[in-house]
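Colleague: I am new to this one and would love a close look at a single part of it. Could you take me through the charged pairs and what surrounds them?

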Amino acid sequence: MGAAPVIEHLVFERVLGTGSFATVWLARDDMLDRHVAVKVLADNWSHDLEIRRRFLLEANVIITAASRRLSQGYSVGVTGDDRPYLVMAFADR
């Protein structure tokens, strides 16, 4: 898992969950003025092009889907150490 990633305008507070492929962090988004969930691809998978493609495909689905059953996706990007991430609505439930 390691240290929190560095992403401009996000202040990472704590880990919400971790799995084989990614870690989800609770962060404060200064631009949105709210808490968000940030899913970051694990470092050991970040160089696998197929895993990156699947992560970004999932991120695209979440950002474009309009469903009450999915957390709203806000943005996608790459951390300073070249790991894809997805910023989503934080649902504390």
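What is the relative accessible area of Lys39, and does that make this residue buried or exposed?

Modeller: Happy to help! This is a predicted model, where local features need pLDDT of at least 70 and side-chain atom pairs count only at pLDDT 80 or more, while totals for chains, interfaces and linings use all residues. Residues are numbered from 1 along each chain as its sequence is written, and side-chain values use heavy atoms, with hydrogens and water left out.

Lys39 has a relative accessible area of 19%, so this residue is buried (under 20%; exposed is over 50%, partly exposed in between, with a 1.4 Å probe and protein chains only). The side chain of Lys39 meets that of Glu58 in a salt bridge, 2.7 Å from N to O (the term asks for a side-chain nitrogen of Lys or Arg within 4 Å of a carboxyl oxygen of Asp or Glu). This pair links distant parts of the chain, 19 residues apart: Lys39 sits in strand β3, Glu58 in helix α1, residues 49-64 (helices are DSSP runs of H or I, at least four residues, and strands of E, at least two, numbered from the N terminus). Glu58, at 33%, is partly exposed.

A search of the whole structure finds 5 salt bridges. Helix α1 holds both partners of another: Arg53 and Glu50 are 3 residues apart there, about one helical turn, and their closest N and O atoms lie 2.7 Å apart. Both are partly exposed, Arg53 at 44% and Glu50 at 40%. Arg52 pairs with Asp82 at 3.5 Å, N to O. That bridge spans 30 residues, from Arg52 in helix α1 to Asp82 in the loop between β4 (73-78) and β5. Arg52 is buried at 15%, whereas Asp82 is partly exposed at 37%.

Now to the nonpolar side of the picture. The largest nonpolar core has 10 residues, among them Val36, Val38 and Val40 (such a core joins buried Ala, Val, Leu, Ile, Met, Phe, Trp, Tyr and Cys residues through side-chain atoms within 4.5 Å). Strands β1 (10-18), β2 (22-29), β3 (34-41) and β5 (84-89) each supply at least two of its residues, and β3, the strand that carries Lys39, gives the most, with 3. A second, separate core of 5 residues includes Ala59, Ile62, Leu86 and Met88.
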